[in-house]
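Please find below a colleague's note on the structure, set out as numbered points. The sequence and the coordinates should be kept at hand while reading.

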Amino acid sequence: MPFDFVPIIITHDHWRTIENGMKQRVEALNLFLHDIYHEQQILKAGIIPATLVDHNPHYYKEVIGAKIPLDNHIFLAGIDLIRDDHGTYRVLEDNLRNPSGISYVYKNRAIMKQVYPEFFSNYTLHTFDHQLSTMREALLAHRPMSLQPTQEPHAVLLTAGIYNSAYYDHVFLAKQLNISLVEGRDLIVKDRFVYMKTIRGLERVDIIYRRIDDDFLDPAVFREDSLLGVPHILEAYKAGNVAILNAVGNAVADDKAMYAYVPDMIRFYLNEEPIIQNVKTYMLSDPPQRKWVLEHIHELVIKNVGASGGYDMLIGPHASEEEIEVFRKKITENPNQYIAQPTIKLSRAPVYQNNHFYPCHVDLRVFVMKGNETNVLLGGLSRVALKEGSLIVNSSQGGGAKDTWVLKEEDQHVK
């Protein structure tokens, strides 16, 4: 990932707001996931349309009623924040499947300390030296029910392999969490227990931090052509003999259509108002909203509810007439597949590339770790749209990263 040396600076007070808002949001999302796979109270109450769950391709009826450790579906969340033209933080997107990027947070800081050590002698910054220990504690807290209280859980990180775009992230986390890095072929299920193949024979696996998507996890249940997963692993999961993190079926909650209802989840489950609000979102399945959006499509951002990485997205003010007509047709043919949002004047930060400074749009991915307690990784990953004028920060679309500084209280005078 390209790196820019000018840091993003967040004050102590702003970080407290972010931290509290992220804990609140992830708590509500976790309660929602547990609810829709069990009692479905929020659907019965009519707060969220049942069709958004029942017709979602990522709502897996195979795991309805499954008991999971701590009733926790979200071990690690990556919540993307922006600041609007008023300086207000807003949630842009929830990532509850396999959020990546923690390794870059640490790599960015290591580069800054190595190349510009003098920066760190002038300010008192929060460090995240012990955050990975906290992440390991949260991971190991997901003990499967079949494990005896006196037994230490054995955890592994399941990767898709060296050709995966986030493989560096997988290697970094496995090493830092002190767990084995495995591929699907390294695991086997026997009698509804999962084992890792070793030169000493089979070793039972209790916790799997998986970095492959649900569809590839179990070829006996989902995609039968998958070479990445482990046959019959879902049987072990449903029997309570192995924990899979994040839980199976989380994608139903980070769908971009479901995103619009997260503030309602917070009110329903926690009886609180959202600390950090969403970006205004238009549901194109609603005829009046769809009509208005099609009339104002030149002013809006259109997103595919199931896509990520900046793909299948239209930025109206920057689009050609031909591109706009393509999206008009897509929306008309399949309105449930798209949402619309206003083109927000994202906050910008200076970058130094190609021997000159210029302003670029930025966002912040905040990582939330949940075990017995909920913790937020200090700082997070600041992503920047390095192409001048671009609004897309994803590295796959030309984006890069910056170091993120969270100031301690005594350094509030720093601007």
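1. The buried residues of helix α7 pack against two helices, α4 and α6 (131–140), and against the strands β4 (155–158), β5 (180–182) and β9 (207–210). The model is a predicted one, and the contacts of α7 should be read as features of that prediction. Helix α7 itself covers residues 167–177, and its buried residues are Asp-169, His-170, Phe-172, Leu-173, Ala-174 and Leu-177. Just after the helix, Asn-178 adopts a positive phi of about 60°.

2. Helix α4, one of the packing partners of α7, comprises 14 residues, 102–115. At 1.5 Å a residue it should span 20 Å, and the C-alpha atoms at its ends are indeed 20 Å apart, so expectation and model agree. Its buried residues are Ile-102, Ser-103, Val-105, Tyr-106, Asn-108, Arg-109 and Met-112. Polar and charged side chains, including Asn-108 and Arg-109, are therefore on the buried list, because burial here means under 20% relative accessible area.

3. An open sheet of 3 strands follows the order β6-β7-β8, with antiparallel pairing. Its edge strands are β6 (187–190) and β8 (201–205), each of which pairs on one side only. From one strand to the next, the twist averages 40°. As a general point, strands of a sheet pair through backbone hydrogen bonds, in either a parallel or an antiparallel sense.

4. How is β6 joined to β7? The two strands run antiparallel and are linked by 4 bridges, with β7 covering residues 193–198. Lys-190 stands opposite Phe-193 of β7, and Val-189 has Val-194 as its bridge partner. The hairpin of β6 and β7 leaves 2 residues between the strands, and in this hairpin Asp-191 takes a positive phi near 55°.

5. On the other side of the sheet order, β7 and β8 pair in the antiparallel sense over 5 bridges. These strands also form a hairpin, again with 2 residues between them. Val-194, already noted as the partner of Val-189, stands opposite Val-205 in β8.

6. Is Tyr-89 buried or exposed? With a relative accessible area of 14%, Tyr-89 is buried, because this value lies under the 20% cut-off. Tyr-89 is found in strand β3, which covers residues 89–95. Leaving aside residues up to four places away in sequence, Tyr-89 touches Ile-10, His-14, Ile-18, Leu-81, Ile-82, Arg-83, Ile-276 and Gln-277. Tyr-89 and Ala-155 are 66 residues apart in sequence, and their C-alpha atoms are 36 Å apart in space.

7. Turning to the chain as a whole, there are 12 helices and 20 strands. The radius of gyration is 22 Å, close to the 22 Å that the globule rule gives for 415 residues, so the chain is as compact as a globular protein of that length. Taken along the principal axes, the C-alpha atoms fill a box of roughly 60 × 60 × 40 Å.

8. Buried residues make up 53% of the 415 residues in the chain. Among contacts with a separation of 6 or more, 69% are accounted for by residues 24 or more positions apart. The chain exposes about 18,900 Å², of which carbon and sulfur atoms supply 49%.

Terms used: Residues are numbered from 1 along each chain as its sequence is written. This is a predicted model: local features need pLDDT of at least 70, side-chain atom pairs count only at pLDDT 80 or more; totals for chains, interfaces and linings use all residues. Side-chain values use heavy atoms; hydrogens and water are left out. Two strands pair if DSSP finds at least two bridges between them. Axes are lines fitted to C-alpha atoms, for helices over the stretch in contact, and angles run from 0 to 180 degrees between N-to-C directions. The radius of gyration is taken over C-alpha atoms; the globule rule is 2.2 Å times the number of residues to the power 0.38. Buried means under 20% relative accessible area, exposed over 50%, partly exposed in between (1.4 Å probe, protein chains only). Contact means heavy atoms within 4.5 Å. Accessible areas come from the Shrake-Rupley method with a 1.4 Å probe; for residues, only the protein chains shown count as cover. The expected span of a helix is 1.5 Å times one less than its number of residues.
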